[in-house]
Amino acid sequence: LLNFYNKRQLRLIDSKWPDFIEDMQEKGAIIYGLSTPTFKINNIQKKQYQELRELDVIFNKTVNNHEHFALINQEQTKKNKNLKNKWIPSFYKGIIFTAGEINSRSIVNFMRVTNVVPSKVVVIAHDPIKLKLTEQALKKIGVDYRSVLFNGLNNIKASATKKDINAMTIQSTTS
C-alpha cells in the first residue's frame, strides 16, 4: 500500500479550488481541509500537506496557535494508555485527518478538543451520505451549517482515461 501511495499522482478536481480558498480566506473565512485516508501510513500528514502546497491549496494552518495536535481530549488519553500505537485523528497545518473515523465525528471532535465552535460551518463534499451525516452531527450540537454537494468527482470518473486510473483526487481533502 505504501508503494502505491508514493507512486500515485495527486491532482485537483477543479483547478479553481486554490483561488476559491484564497478568496474565502481574504473575506475572513477560516478554511480547513479534511483528509480521510483509508489506511494508516506513518507521517501521512507531512506528505499530504506538502502535496497540497505544491498544488497551491493552502488552508489556515493553526488553531489556538497550534499547527499540529491529536483530536482526542485528556480524558480519552487517561482512559487509553495504548494510544501511542493507535491511529488517532489529528490536525496538521490546516488539515483534519480522520484516521478512519467518519468525517462528522472528526469534525465534532475537532470542535470539542479545540474549544472552537464557529458561528457557521460550510461543508463541501462529494459523498451525499457523508454530507448528510455531517449535517446531522452539526445540527445535533447546534451549529449553523450549509452543505454543498460537489459533483466534480463524478465528472472525472466518467471521463477517466487509463492514465487517470492511477491519479487520486483531493476532493475529500477539500471537503
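**A four-stranded sheet and its helices**

In this predicted model, four strands line up as an open sheet in the order β2-β5-β4-β3, with mixed pairing. Strands here are DSSP runs of E with at least two residues, helices are runs of H or I with at least four, and both are numbered from the N terminus; two strands pair if DSSP finds at least two bridges between them. At the edges sit β2 (33-35) and β3 (68-70), each pairing on one side only. Neighbouring strands are turned by 20° against each other on average, direction ignored. Strands β2 and β5 (residues 95-97) run parallel and are joined by three bridges; Ser35, for instance, has Phe97 in β5 as its bridge partner.

Then come the helices. Helix α3 (residues 44-54) packs on the sheet, where it touches β2, β3, β4 (90-92) and β5, and its direction makes about 145° with that of β5. Helix α5 (residues 103-114) lies across β2, β3, β4 and β5, running at about 110° to β3. Contact means heavy atoms within 4.5 Å, and angles run from 0 to 180 degrees between N-to-C directions of lines fitted to C-alpha atoms, for helices over the stretch in contact.

Zooming out, the protein has eight helices and eight strands. Of its 175 residues, 39% count as buried (under 20% relative accessible area, 1.4 Å probe, protein chains only). Among contacts between residues at least 6 apart in sequence, 74% join residues at least 24 apart.

Residues are numbered from 1 along each chain as its sequence is written. Local features need pLDDT of at least 70, while totals for chains use all residues.

Conventions:
Predicted model: local features only at pLDDT ≥ 70, side-chain atom pairs only at ≥ 80, totals over all residues. Heavy atoms only, no water. Buried < 20%, exposed > 50% of the residue type's maximum accessible area, 1.4 Å probe, protein only.
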